[in-house]
Amino acid sequence: MGEQFDMFRTEALPERQPAARAKRAAPAPARRHEVLDEAALVSMLEATGRYRILRRLEPRSIVPRDKSRFPCLAVIVDTETTGLDHEKNEIIELGMVAVTYDPAGQVGDVVGIFNALRQPREPIPPEITRLTGITDAMVAGKTISTAEVEAFIEPADLVIAHNARFDRPFCERFTPGFAPKPWACSNVEIAWSDRGFEGTKLGYLLGQSGYFHNGHRAVDDCHALLEVLARPNGPGGTAPFAELLKASERARIRISATNSPFDMKERLKARGYRWNDGSNGQPKSWWTEVDEADAEAELKFLRAEIYQWPEARPLTQRLAATDRFKA
């Protein structure tokens, strides 16, 4: 009878030595054609039609301004703040990317990057930290130099934000150097749906462009927006930046529905009108901005649906790019 195995035995059993140990074969070296680099793997997966690969966004390298091939300068700006109200909330991070372009709207080179954190007067709300990842410890003792910001934006021919209605009031409150600049909003001044995009949020636009990034951090969002704006797509293969540049050159009309009936406020809100309390010198009223070509249709809507009086004369103001998206 052979040796019985004792499941409670603690000492090691002697190793059984086979009469003849088979010689192990050394692993065969990888064949050259089987070694695929990252790009080849991505191409192979995408070629199946069953995969879509998102690539991590890599910021563009900085080129000295005098070496850039295009003469015009745009500054893409993004802010992270303690809340939505520019009157009481504060900037905690400011990011900017300066990029050259030509008059036709072709994007050139990144010629400057600015990014800085700032400690607000009050602790950062928990929901802001959850959204941005910015903590009180990260901003402790940090300030943003207004002189450096003003020097960065001074040569800009155009300031771009993905939500200029939000960012411009915060930026102008931080430093008046932003006030005289022409502004453009890549969220509302580009027909993204005509270019095949399913939404206008930056994360959607970037994902459908084939990238992912560290969202809700100011300078990272600036780099992301640049890639989306510079990537040719849509009818004729034009880049969204060219469309945005043309939109910034068109005048817009600000329409204030002064003395509109109180019970019509929900209809105005549903149409995109915003309330102004009069503290900024503008009329106390519901208001909106439209392209100059759409102004007459908007006035007809107000007369027929809001005032219900064909002779009503809502206040209109013609706005250039230096006046748009202010508070």
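Is Asn 259 buried or exposed? That gets settled in the first close-up of this predicted model.

**View 1. Asn 259, a loop residue with a positive phi.** Asn 259 sits in the loop that links β8 to α9 (265–270). With a relative accessible area of 75%, Asn 259 is exposed, because the bar for that word is over 50%. Its phi is near 60°, a positive value, and this residue isn't a glycine. For background, most residues other than glycine have a negative phi.

**View 2. Phe 325, a positive phi in a buried residue.** Here's another non-glycine residue with a positive phi, this time near 65°. Phe 325 belongs to the segment that follows β11. Its relative accessibility is 2%, so Phe 325 counts as buried. You'll meet Phe 325 again as one of the members of a 25-residue core.

**View 3. The open sheet of 4 strands.** Reading across, the strands come in the order β9-β10-β8-β11, and the pairing is antiparallel. Which strands stand at the edges? They are β9 (274–276) and β11 (315–319); each has a single partner strand, so one side of each has no neighbour in the sheet. From one strand to the next, the twist averages 30°. Zoom in on β8 (residues 252–257) and β11, and you'll find 5 bridges joining this antiparallel pair. Ile 255 faces Thr 316 of β11 there. Helix α10 (residues 295–307) lies across β8, β10 (285–291) and β11, and runs at about 10° to β8.

**View 4. The largest nonpolar core.** This core has 29 residues, and those touching the most other members are Ile 76, Tyr 101, Ile 160, Trp 192, Leu 226, Leu 229 and Phe 241. At least two residues each come from the strands β2 (72–81), β3 (91–101), β4 (107–117) and β5 (158–161), and from the helices α6 (202–208), α7 (218–230) and α8 (240–249). Which element gives the largest share? That's α7, with 8 residues. Follow Leu 226 outwards, skipping neighbours within four places in sequence, and you'll run into Arg 60, Ile 76, Val 97, Val 99, Val 107 and Val 110. Another core, of 25 residues, lies apart from this one, and its members include Ile 153, Val 159, Cys 171 and Phe 325.

**View 5. Val 149 in helix α4.** The helix here spans residues 146–153. Val 149 has 0% relative accessibility, so it counts as buried. What does Val 149 touch, not counting residues up to four places away in sequence? Its contacts are Leu 94, Met 96, Phe 114, Ile 144, Phe 174, Thr 175 and Phe 178. Gly 177 is 28 residues away along the chain, yet the C-alpha atoms of Val 149 and Gly 177 are separated by 8.3 Å.

**View 6. Helix α5, mostly covered.** Of the 11 residues in α5 (residues 164–174), 9 are buried. Don't expect just greasy side chains: the buried set includes Arg 165, Asp 167, Arg 168 and Glu 172. Also among them are Ala 164, Pro 169, Phe 170, Cys 171 and Phe 174.

**View 7. Ser 248 in helix α8.** At 8% relative accessibility, Ser 248 counts as buried, because the cut-off is under 20%. Setting aside neighbours within four places in sequence, Ser 248 is in contact with Leu 158, Ala 184, Glu 189, Ala 321 and Arg 324.

Terms used: Residues numbered from 1 in each chain as written. Predicted model: local features only at pLDDT ≥ 70, side-chain atom pairs only at ≥ 80, totals over all residues. Heavy atoms only, no water. Core = buried A, V, L, I, M, F, W, Y, C linked by side-chain atoms within 4.5 Å. Buried < 20%, exposed > 50% of the residue type's maximum accessible area, 1.4 Å probe, protein only. Contact = heavy atoms within 4.5 Å. Pairing = 2+ DSSP bridges. Axes fitted to C-alpha atoms, helices over the stretch in contact; angles between N-to-C directions.
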